[in-house]
Amino acid sequence: MKKLLLTLCLPLGFGCSQMLTGMNSETTQKNQNNSVQLANGERAVAAPMTDNQVYQSGLGQHTNYSKSSTPSRKNINHYVRGIMQSMVENLQYVNEKTPLAVSSFVFLDDDYNDASLLGNQIAESFMHELHSFGIPVIDFKTTDYMRVTPSGDFVFSRDYLELNQDQNFNYVLAGTLVSHQGGVLVNARIIGLASKAVVGTAQGFIPQSVVDALNSSYSTDGIMLKQASK
């Protein structure tokens, strides 16, 4: 009986030995293949890094969340630029050799001697756009001196007695404003001072949200004292 059991176990032991030998050979072959690949310049897969290592290495990326950038709001300068482009298309007699001045824009149904913050800012924006187009601009509010005070140093003035009476410009850019539902209509034109002839015109529209954003920050007890529109 014992001889029979030994006879049966011998083939089984031999088979298991062959299987283990085959597995070891396969593992050895894989290791040899990996060594050959590394020798050929291929990169091995590194062990996973911790979260701190990922962020410190600058490789951390949030794939499940992306912060959307806040859209920039268009200001008055954007709309004045569009009006200026329309005016250049039909502009006559004004070029890089004809100095030009810019006056405050006034509301059509109001006193022409009273300009708002909106009208003054539109004039300032047009001064920049004219200069960008290569048209010489005369800033007639500039005095012949620097006025130094405890509050600051000033070269601009709205007192006509402080300004030079002889100004070197023959054309002026002026315009009117009209309050409209949802915003303000802008009527701009360039006029010859001597002939009173209109040599360029343009119209545009500024949304009310942009006008409201121009409100002065000066306030008392939460009440705005200066408004961009009337």
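**A nonpolar core around helices α3 and α4**

The largest nonpolar core of this predicted model has 30 residues, and those with the most contacts inside it are L100, I122, F126, L173 and I190. A nonpolar core is here a set of buried Ala, Val, Leu, Ile, Met, Phe, Trp, Tyr and Cys residues joined through side-chain atoms within 4.5 Å. Two or more residues each are given to this core by α3, β1 (100-102), α4, β5, β6, β7 and α5, and the largest share, 6 residues, comes from α4. Helices (H or I, at least four residues) and strands (E, at least two) are DSSP runs, numbered from the N terminus. Since the model is predicted, local features need pLDDT of at least 70 and side-chain atom pairs count only at pLDDT 80 or more, while totals for chains, interfaces and linings use all residues. Residues are numbered from 1 along each chain as its sequence is written, and side-chain values use heavy atoms, with hydrogens and water left out.

F126 is a convenient place to begin. This residue lies in helix α4 (residues 117-132) and counts as buried because its relative accessibility is 0%; buried means under 20% relative accessible area, exposed over 50% and partly exposed in between, with a 1.4 Å probe and protein chains only. Leaving aside residues up to four places away in sequence, F126 touches V80, I83, M84, V102, F105, L173 and A188, a contact being heavy atoms within 4.5 Å. The C-alpha atoms of F126 and R81 are separated by 7.7 Å, although the two residues are 45 apart along the chain.

Helix α4 itself has 16 residues, which at 1.5 Å a residue should span 22 Å, in agreement with the 23 Å between its end C-alpha atoms. The expected span is 1.5 Å times one less than the number of residues. Besides F126, the buried residues of α4 include L118, I122, M127 and L130. Just after this helix, G134 takes a positive phi of about 90 degrees.

Turning to helix α3 (residues 76-89), its buried residues are I76, V80, I83, M84 and M87. They lie on the same side of α3, because they cover an arc of only 105 degrees around the axis, as judged from the directions from the helix axis to the C-beta atoms. These buried residues pack against α4, β5 (171-180), β6 (183-192), β7 (198-207) and α5 (208-212). At the N-terminal end of α3, N75 acts as a cap, with a side-chain oxygen 3.1 Å from the backbone nitrogen of N77.

Technical notes. A polar contact is a pair of N or O atoms within 3.5 Å; within protein, one must be able to donate a hydrogen and the other to accept it, and residues adjacent in sequence count only if both atoms are side-chain atoms.
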